[in-house]
Amino acid sequence: MMTNRTIKYTNRITLKIFTKKYITNEYISWLNDAEVVKYSELRHVKQDYKTILAYIDSIKDESRMFAIILDNDKHIGNITLRMDRFNLNADVSIMIGNKVFWGCGLAKEAIIASIYWLRKNTNMMYIIAGTMQNNEAMKRTFESLDFEYSGHRKQYFKKDNNRVDMLFYSKLLT
């Protein structure tokens with residue numbers, strides 16, 4: 001089942017448009033957990049209710065931000081699709097904030113559901129993503145979904161006093 005606001009594409013998760021109700025103390029703690037955000041640009045700034053609202057407001061015109069919800073109605077993470085309507089690309093970013101659910105394949109399911117949503121609700125031609133070269137879990141996830149490695153930016157990120165390449169992946173949606 002799918003609406004523009006809800007995607008039920010897998011047996012384990014539903015994607016729902018992210019609203020203020022998902023900004024809980026637990027959610028804020030994920031965004032301030034160094035282990036959760038170690039591959040994210042969120043690692044640079046302490047997050048609170050106001051910074052989260054400001055972020056949501058800043059992306060509202062060009063993006064869809066979904067909460068990843070388990071069947072028991074538990075919010076475990078987010079997936080965001082930034083859509084470039086001129087070049088017909090959607091850039092995906094994902095975070096499984098609840099570490100209990102790391103390594104369970106739920107990020108892969110959420111990406112599959114978001115691809116389905118993009119195909120049904122937009123005219124986007126590609127889904128694209130970037131990750132740090134040392135984010136092995138994300139690289140494996142993209143590769144398992146037949147995303148193609150499409151390039152890199154050398155030494156793009158500063159991480160732990162080192163420079164790390166940004167890797168790009170893409171998948172044709174048509």
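Visitor: Let's start with W30: is W30 buried or exposed?
Guide: Keep in mind that this is a predicted model. W30 is found in helix α1, which covers residues 25–31. Its relative accessible area is 5%, and buried means under 20%. So W30 counts as buried.

Visitor: Which residues is W30 in contact with, leaving aside its neighbours within four places in sequence?
Guide: Let's go along the chain, with those neighbours left out. W30 is in contact with V36 and V37, and also with H75, I76 and G77. The list is completed by M95, G97 and N98.

Visitor: Which aromatic cluster does W30 belong to?
Guide: A search of the whole structure finds seven aromatic pairs. In one of them, F18 and Y22 have ring centres 5.7 Å apart and planes at 40 degrees, so that pair is tilted. F18 also pairs with Y27, with centres 5.2 Å apart and planes at 45 degrees, so this pair is tilted too. The cluster that includes W30 is made of F18, Y22, Y27 and W30.

Visitor: And F18 and Y22 themselves, are they buried or exposed?
Guide: The cut-off for buried is under 20% relative accessible area. F18 has 7%, and Y22 has 8%. That makes F18 buried, and Y22 is likewise buried.

Visitor: How many residues of strand β4 are buried?
Guide: Strand β4 runs over residues 75–84. On one side, seven bridges join β4 to the antiparallel strand β3, residues 63–70, while β4 and β5 pair in the antiparallel sense over eight bridges. β4 is mostly covered, and its buried residues number eight of ten.

Visitor: Which residue is the bridge partner of T80 in β5?
Guide: β4 has partners in β3 as well, where F66 stands opposite I79. For T80, we look to β5 instead, and β4 and β5 form a hairpin with four residues between them. The partner of T80 there is S93.

Visitor: What is the phi of L88?
Guide: L88 is found in the loop between β4 and β5. Its phi is positive although L88 is not a glycine. The value is about 60 degrees.

Visitor: Which residue forms a salt bridge with D73?
Guide: D73 sits in the turn of the β3–β4 hairpin and has a positive phi of about 70 degrees. With a relative accessible area of 52%, D73 is exposed. In its salt bridge, the closest N and O atoms are 3.5 Å apart, and the partner is K16.

Visitor: Why does that pair tie together separate parts, and how many residues apart are they in sequence?
Guide: The structure holds eight salt bridges. In this one, D73 lies in the loop between β3 and β4 while K16 lies in strand β2, residues 13–17, so the pair ties together parts of the chain that are 57 residues apart.

Visitor: Now helix α4: why do its buried residues line one face of the helix?
Guide: The buried residues of α4, which spans 136–144, are M138, K139, T141 and F142. Seen down the axis of α4, they fall within a limited arc, so they line one face. What covers them includes β5, α3, β6 and β8. The arc in question is 160 degrees.

Visitor: Which residue of α4 forms a salt bridge with K139?
Guide: K139 is buried, with a relative accessible area of 15%. Its partner is three residues away, about one turn of the helix. The closest N and O atoms are 3.1 Å apart, and the partner is E136.

Visitor: Is D146 buried or exposed?
Guide: D146 comes just after α4, in the loop between α4 and β7. Its phi is near 65 degrees, a positive value in a residue other than glycine. The relative accessible area is 59%, and exposed means over 50%. So D146 is exposed.

Visitor: One last stop: which side chain makes a polar contact with the side chain of E109?
Guide: E109 has its place in helix α3, residues 106–121, and is buried with a relative accessible area of 15%. Leaving aside neighbours within four places in sequence, E109 is in contact with T10, R12 and I13. The polar contact, at 2.6 Å, is with the side chain of R12.

Notes. Residues are numbered from 1 along each chain as its sequence is written. This is a predicted model: local features need pLDDT of at least 70, side-chain atom pairs count only at pLDDT 80 or more; totals for chains, interfaces and linings use all residues. Side-chain values use heavy atoms; hydrogens and water are left out. Helices (H or I, at least four residues) and strands (E, at least two) are DSSP runs, numbered from the N terminus. Buried means under 20% relative accessible area, exposed over 50%, partly exposed in between (1.4 Å probe, protein chains only). A polar contact is a pair of N or O atoms within 3.5 Å; within protein, one must be able to donate a hydrogen and the other to accept it, and residues adjacent in sequence count only if both atoms are side-chain atoms. Contact means heavy atoms within 4.5 Å. The arc is that of the directions from the helix axis to the C-beta atoms. Rings of Phe, Tyr and Trp (its six-membered ring) pair if their centres lie within 6.5 Å; planes under 30 degrees apart count as stacked, over 60 as edge-to-face and the rest as tilted. Two strands pair if DSSP finds at least two bridges between them. A salt bridge is a side-chain nitrogen of Lys or Arg within 4 Å of a carboxyl oxygen of Asp or Glu.
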